[in-house]
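Visitor: I am new to this structure and would like to learn how to read it. Please take me through some features one at a time.

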Amino acid sequence: MVAVQWYPGHMEKARRDMQDALKQVDMVIEIRDARIPNASRNPMLDKMIGDKPRLIVLSKSDLADDAASEAWVKALSKEGQKAVYGDLVGQKRNRQMIINECLELTKKKRDRMIARGIRPRAMRAMACGIPNVGKSTLINLIASRTRAKTADKPGVTRSLSWIHASDQLDILDTPGVLWPKFDDERTGVLLAALGSINEDILNTTEIAVYVIKDIQELYPGLLEAVFEAPEGTDEYAMLEQIARQRHLVKAGDEPDIERAADVFLHELRKAKYGKLTLEMPE
Ligand SMILES: Nc1nc2c(ncn2[C@@H]2O[C@H](COP(=O)(O)OP(=O)(O)OP(=O)(O)O)[C@@H](O)[C@H]2O)c(=O)[nH]1
Ligand SMILES: [Mg+2]
């Protein structure tokens, strides 16, 4: 059993602040990770957002399986949920695509304003999602410059802040929030594996072993080929093999399992083994 939980006080405060701010927003942009669209769905946000217009953006699609991202967008739209996927860093053309989706989702609101003789203002969107998913990056993409601080670790944005991102769109940057109790072990492990949980509280060896097993099931033969391991290597032996193949050894020629786990997770996050999606739609 791999127990992962991270719900510090600053997330609870952010949740309350977001709840308050929702009254002033016209729509929500919820960002989920294209590699784990299920684990990165925060059920607490679902409840909070209610029936406000919502655009789901599956971020980091440059690191995910393209066919899987397509399948996820289809599955979400079947549920009546508007969703798109995209690379928020390397694909500038996603800027206009996201703006257009936001304007489409808030069109009724603007039409109502016009009908009442009010000059339409910029629409207000709240960007929200789990830590490290790319909320601030999305805002910088829309603004076409660095307005919000970003970094490759969870917990960078600490408070809510409005950013005038384009003439038509003001976006509220919010801190990444998780929820008090994950439904199952896998959710916590996947969030940890892809960098949405504070590293300081993680047993990375446990996380690596769990994810290796998942990848062996989802992409048979992939890790065996990358790390020159014989077919049928189990997840524990695979981690040892990663240590040996990468020359990570301790005194006495013992494989350095902890370092192997860190290297594996680091490379997995960077898609060094290919564009992988770790959860498929049902
Ligand atoms: N490859 C890739 N990296 C991305 C993408 N979107 C964001 N990132 C990277 O993911 C990391 C986290 O991005 P942030 O924008 O800081 O994430 P955040 O959701 O604001 O995180 P918190 O404020 O900590 O909750 C940064 O290193 C970004 O460069 C993407 O579409 N593709
Ligand atoms: Mg941020």
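Guide: What follows goes from empty spaces to strands and then to single residues. Keep in mind that this is a predicted model.

Visitor: How is empty space found, and what volume does the largest pocket have?

Guide: Rolling a probe the size of a water molecule over the atoms shows where empty space is left. In this model the largest pocket has a volume of about 510 Å³. Its lining is made up of 30 residues, and those nearest the centre are Lys60, Asn132, Gly134, Thr137 and Asp152.

Visitor: Which helix gives the most to the lining of the largest pocket, and how do the lining residues divide?

Guide: Helix α6, residues 135–143, gives the most, with 3 residues. By kind, the lining of the largest pocket holds 10 nonpolar, 10 polar and 10 charged residues.

Visitor: How many cavities of 30 Å³ or more does the structure hold, and which residues line the largest cavity?

Guide: There is 1 cavity of 30 Å³ or more. The largest cavity has about 60 Å³ of space. It is lined by Arg35, Leu63, Leu194, Leu268, Ala271, Gly274, Leu276 and Leu278. That lining divides into 6 nonpolar residues, 1 polar and 1 charged.

Visitor: Now the strands. Which way do the side chains of β2 point?

Guide: In a regular strand the side chains alternate between the two faces of the sheet. From β2, Arg54, Ile56 and Leu58 point one way, while Leu55, Val57 and Ser59 point the other way. Strand β2 spans residues 54–59, and 6 of its 6 residues are buried.

Visitor: Which strands are joined to β2 by bridges?

Guide: Strand β1, residues 27–33, runs parallel to β2 and is joined to it by 6 bridges. Within that pairing, Arg32 stands opposite Leu58. Between β1 and β2 the chain passes through helix α2, residues 43–49, in a right-handed β-α-β crossover.

The other partner is strand β3, residues 83–85, which is parallel to β2 and joined to it by 3 bridges. Here Ile56 of β2 stands opposite Ala83. The chain goes from β2 to β3 by way of helix α3, residues 66–78, and this β-α-β crossover is right-handed.

Visitor: On to single residues. Is Ser136 buried or exposed, and what does its side chain contact?

Guide: Ser136 belongs to helix α6. It counts as buried because its relative accessible area is 7%, under the 20% cut-off. Its side chain makes a polar contact of 2.9 Å with the side chain of Thr157.

Visitor: What is the sign of phi in Asn132 and in Glu228?

Guide: Most residues other than glycine have a negative phi, and most peptide bonds are trans. Asn132, which is not a glycine, has a positive phi of about 70°. Glu228 also has a positive phi, near 55°.

Visitor: Where do these two residues sit, and is each one buried or exposed?

Guide: Asn132 is in the loop between β4 (123–129) and α6, and is buried, with a relative accessible area of 14%. Glu228 is in the loop between α9 (222–226) and α10 (235–245). With a relative accessible area of 58%, Glu228 is exposed.

Visitor: What separation do the C-alpha atoms of Glu254 and Ser159 have?

Guide: They are separated by 45 Å, with the two residues 95 residues apart along the chain. Glu254 lies in strand β8, residues 254–255, and is partly exposed, with a relative accessible area of 47%.

Terms used: Residues are numbered from 1 along each chain as its sequence is written. Chains are lettered from A and ligands numbered from 1 in the order in which they are written. This is a predicted model: local features need pLDDT of at least 70, side-chain atom pairs count only at pLDDT 80 or more; totals for chains, interfaces and linings use all residues. Side-chain values use heavy atoms; hydrogens and water are left out. On a 1 Å grid over the protein atoms alone, a cavity is a set of points where a 1.4 Å probe fits but cannot get out, and a pocket is an open set with protein on both sides within 12 Å along at least five of seven lines; lining residues have an atom within 4 Å of a point. Grid points are joined across faces, edges and corners, and a volume is the space filled by probe spheres set on the points. Helices (H or I, at least four residues) and strands (E, at least two) are DSSP runs, numbered from the N terminus. Ala, Val, Leu, Ile, Met, Phe, Trp, Tyr, Cys and Pro count as nonpolar, Asp, Glu, Lys and Arg as charged, and the others, Gly among them, as polar. Buried means under 20% relative accessible area, exposed over 50%, partly exposed in between (1.4 Å probe, protein chains only). Two strands pair if DSSP finds at least two bridges between them. A crossover is right-handed if, with the strands pointing away from the viewer, the path from the first strand over the helix to the second runs clockwise. A polar contact is a pair of N or O atoms within 3.5 Å; within protein, one must be able to donate a hydrogen and the other to accept it, and residues adjacent in sequence count only if both atoms are side-chain atoms.
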